[in-house]
Amino acid sequence: MPRRSAVLEKNLADRTLVVDNGAYTIKAGFSSSSPTLKDCHTIPNCLARERDRKVWVGSEIESIRDFGEVAFRRPVEKGYLVNWEAEKAIWDSTFLTQKSKLHCDPHDTNLILTEAPNTTAALQTNCDQVVFEEYEFASYSRHIGPSLNAYHDIQALFGEPPRASHLPAVPAECLLVIDSGFSHSTVTPLYKGRPVQQAVRRLDVGGKLLTNYLKELLSIRHYNLMNEEQLVNDAKEKISFVSDSFGQDLERTRKGMSKKGREAQASDADVVVDYVLPDYNAGVHGYMRPHDPSLAAKVKKMGAMANPGGVVEDFMTLGNERFAVPELLFNPGDVGMKEAGLPETVLQSLTGLPPGLWPAMLANIVVVGGNCLIDGFMERLETEIRQLSPTECLVRIAKVIDPIKATWLGGAYVAADPVALKAMQVTRHDYLEYGSGWLSRVFVGTTTR
């Protein structure tokens, strides 16, 4: 860390932009003295092309009414930012357009940006060059996303008294962050806000893989939806749940969907549901409803003979798809992946730490990322981690209020503390003087300023 006297000599811009550059969405907003989730804006991190070849960029995608066969192009692949041509188009639309809520002048703005753990040096150098040479931000710091979660009021998540509002955000001493997002899931142990690099573990299962798996299942059993990414992703978010007894639920749905087991279907009402497909022409979104066998038979028989102008609902009856898809987070071997599930990955991460840190890490586990919003995810994760952990260790797992915006809020807490911000930021003048190699060493803490 730089000497305090050197830190205070730097003059930073008055405005700080915090950007959590996720694979599915960008979480961005300007920091304030008392940041809240309302200060954060969510922007789709992709380009979309319709049938008529019209291209929508970033937040413009929210204006699309018909997502039928819309093709998406994402600049982040497997968690890493690899396509700056597409990302620049999204950033330009978000940060440089006059009408945008996040419009700013980079010359008068500090930037806090996130990246995935274990990003290669070449991609980090690309990022540094774009930030300082293309956009010319006044100052900049690059953090792995999970590390910013250390600045939350961690003890308040576990029922302890909250941190006083006038106190600066100090990183938790020991924290284990499980981040299950769109591209992958990572387990990152943090010590005093810094990642313990040799203990970081990654599971190549995220929201994108779950969506693709559901597309295959639905295309085999119902309709060909391989080109309907948005529709299937929306269905996944609404119908999925994590089963606490996978084998039993699988057997229940097998009986419920067969002709001989109709009597058992009443007890399976919490598993078998109907998902009504969206009607883009009428502006109706897809939704889930309880399964009704008699209604299903009637619609299938009479749907083609409905009167003109009558309401015709097209739907799919879903059973084991609901829990077989998120099961991949716990058993990737179900689709032939030679990787451990998320609970086992947590224990693998602990083996990279000194045994003396295990109790503190297991007692302070925080879960972020969109996948932890799936019903039953937290309960199943906690149960399996408890089963695998040493009996003498207390296991505490907490989910933040908004798992999707949590990383952004952690960065906003850092930006709200002038001393902490100055200690982390590198000015454009320093970058031009010392270069990108020096910049990378500063961010990992091996070089002082």
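Q: What covers the buried residues of helix H12?
A: The cover includes strands S11 (174–180), S18 (365–368) and S19 (397–399), plus helices H10 (342–350) and H11 (358–362). Contact means heavy atoms within 4.5 Å. Helices (H or I, at least four residues) and strands (E, at least two) are DSSP runs, numbered from the N terminus. The model is predicted: local features need pLDDT of at least 70, side-chain atom pairs need 80 or more, and totals for chains, interfaces and linings use all residues. Residues are numbered from 1 along each chain as its sequence is written, and side-chain values use heavy atoms, leaving out hydrogens and water.

Q: How do you know that the buried residues of H12 line one face?
A: Those residues are Phe377, Met378, Arg380, Leu381, Glu384 and Ile385. Seen down the axis, they fall within an arc of 165 degrees, so they line one face. The arc uses directions from the helix axis to the C-beta atoms. Glu379 and Gln387, on the other side, are exposed.

Q: Why is Trp438 called buried?
A: Buried means under 20% relative accessible area, exposed over 50%, partly exposed in between (1.4 Å probe, protein chains only). Trp438 has 9%, so it is buried. Tyr434 has 47%, so it counts as partly exposed.

Q: What makes Arg396 a charge over the ring of Phe158?
A: The rule needs NZ of Lys or CZ of Arg within 6 Å of the ring centre and within 35 degrees of the ring normal. The charged end of Arg396 sits over the Phe158 ring, 4.2 Å from its centre. Arg380 lies over the face of Phe330, at 4.5 Å.
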